[in-house]
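I am keeping short notes on what I look up in this structure. The sheet comes before the contact between chains.

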Amino acid sequence: MNKKIVIYTQNHPLANHINLLQENGYTVIRLDSPKLNDQLKIHQTVFDLCCLKTSDKKTLLKALNHHKVYSDLSVNNVKSLLDQFPQITGAFSLSIYGNTSSRECFINEDDQKEFEDFLTFFQLSPFYHEQVPNYFILGRTIAPIINEAYFAIEEDLASKEDIDKAMKYGVNYPLGPFEWVNLFGTDKLSILLNELYSDTKLDRYIPCTLLS
Amino acid sequence: MKLSKIAIIGSGTMGQGIAQWFAQQDVIVELVDVKKEFVEKALINIFSSWERLLKKGKFSQSQIDQFKENITLKNINEIDPQIDLVIEAIIEDINVKKQVFKELDSICNESTIFASNTSSIPITEISNELPITRQENFIGIHFFNPAPIMKLVEIIIGANSSSELGKEVAKWFDQHNKVSAICKDRPGFIVNRVARNFYGEPLRIVGDYDQAKIQNVDQVLKLVGGFKMGPFELMDLIGIDVNYMVTESVYKAFDKNPRFEPHPLQKEMVDKKRLGKKSGKGFYDYE
């Protein structure tokens, strides 16, 4: 059998639209479901929509070592996980995004069609990287910007509304930092910044306490 | 609040733009600079801009005629003491700014609002030698280039500024098709602080000069992020030296906090005179 299974966590931005996949023949199961192990015995292609810190992601990927996996690595070191887990046939970033329908991904050419079919349910299109990125670029760029906006709030520099206005009308950002983080939630940025800090040991990535 | 007549000190790029925008709001503008030829050149630029806008159909001839009447050229000692607001837009040198405001203090009425368009000097420091009543009437009004087009005006409330005054001025701008953002007097204010990592993090992603990586980052931020320009394209437009100088300034003002640390590639580009569009070469080639 070559059915497709989607494993997801409730904090994933697509969790609220997961029924779209169910209606189209995908088996959908939450990561914390007791039925997960039974499902994994029979399915071969897995779409991993779990937004997890890297240690937990590794545990999940180890359990999927006989599967073909497309994995959401929005908040993780993509290159490192791809090196360690050859079962990942494609990595993508659906948890941190902008106000476009385009999403970053790194997918083997032979598997791009299968992944595009998956994205179609959400009316999303891929932006394919030719080289494996260390981290997906949009998340890595906006995480420190939004982090700084939270530091500014912590220091009472200005209101959230004024910071959003300043960035949109002063430097043409598509969204203000707080509007942006409201799209997908502060938890993703907090995980990503902690991963960057853990990898680099650079203090510039320490998340503001208001993000936690 | 009513702003009927104002003075702009400094007729460089920012001063010109600010004067043009106020004249378009039917505010009488006295444009001031140290030399007559500076203000005359500025006026020619402003008039040329209006001619272009006339051709584009943005304004009618009668509107342009009125705008032109709204601007007069003055020496600093000829400023009308009754003006409602004076905005300083001269070089970023605190001593020169202090001297200008000292002179203005002796010319203008107590009710005149004093403002600096500084992007990097604390307004509390600029105003701290003025009488305390004057300091209460002293705020930052930070326009963005090009001032007639960019919507944002940062209103900076110094340690001794009246916050009520800041709110009133912000409201006036909001009523005149600008977008105001009120903030405290901290390094970089809002934009120059929060935007630092739009450049700093992509520089760390590419690490060294690598054309393919640079293009890839710009593409992702435009196509996936929705930014109008990628960070490397934008640095080339701003000037890599200018961007590096602002980064250094904010980094020092925050006691070398690593969140604002400049990247070695910025200095390398400046040292190699790859300054962006203005030098024909930057992260991209323009020759």
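Sheet. I began with the strand order in chain A of this predicted model. I read it as β2-β1-β3-β4-β5-β6-β7, an open sheet of seven strands with mixed pairing. I then looked for the edges and found β2 (27-30) and β7 (125-128) of chain A, each of which pairs on one side only. I also noted the twist, which averages 25 degrees from one strand to the next.

One pair of strands. I picked β5 of chain A, residues 88-92, and followed its link to β6(A). The two strands run antiparallel and are joined by three bridges. I looked up what faces A:Phe92 and found A:Cys105, which belongs to β6(A).

Helix on the sheet. Which strands does α5 of chain A lie across? I listed β3 (45-49), β4 (68-72), β5, β6 and β7 of chain A for this helix, which covers residues 112-120. Against β7(A), I noted that α5 runs at about 140 degrees.

Contact between chains. I turned to where chain A meets chain B and noted 36 residues from chain A and 33 residues from chain B. On the chain A side, β6 (102-107), α6 (137-154) and α7 (160-170) each supply at least two residues. Which element gives the most to that side? I found that α6(A) does, with nine residues. Last, I sorted the residues of chain A that touch chain B by type: 19 are nonpolar, seven polar and ten charged.

Cross-reference. I marked β6 of chain A twice, since I met it in the antiparallel link with β5 and again on the side that touches chain B.

How values were computed:
Residues numbered from 1 in each chain as written. Chains lettered and ligands numbered in written order. Predicted model: local features only at pLDDT ≥ 70, side-chain atom pairs only at ≥ 80, totals over all residues. Contact = placed C-beta atoms within 7 Å. Helix = DSSP H or I, 4+ residues; strand = E, 2+ residues; numbered from the N terminus. Nonpolar A, V, L, I, M, F, W, Y, C, P; charged D, E, K, R; others polar. Pairing = 2+ DSSP bridges. Axes fitted to C-alpha atoms, helices over the stretch in contact; angles between N-to-C directions.
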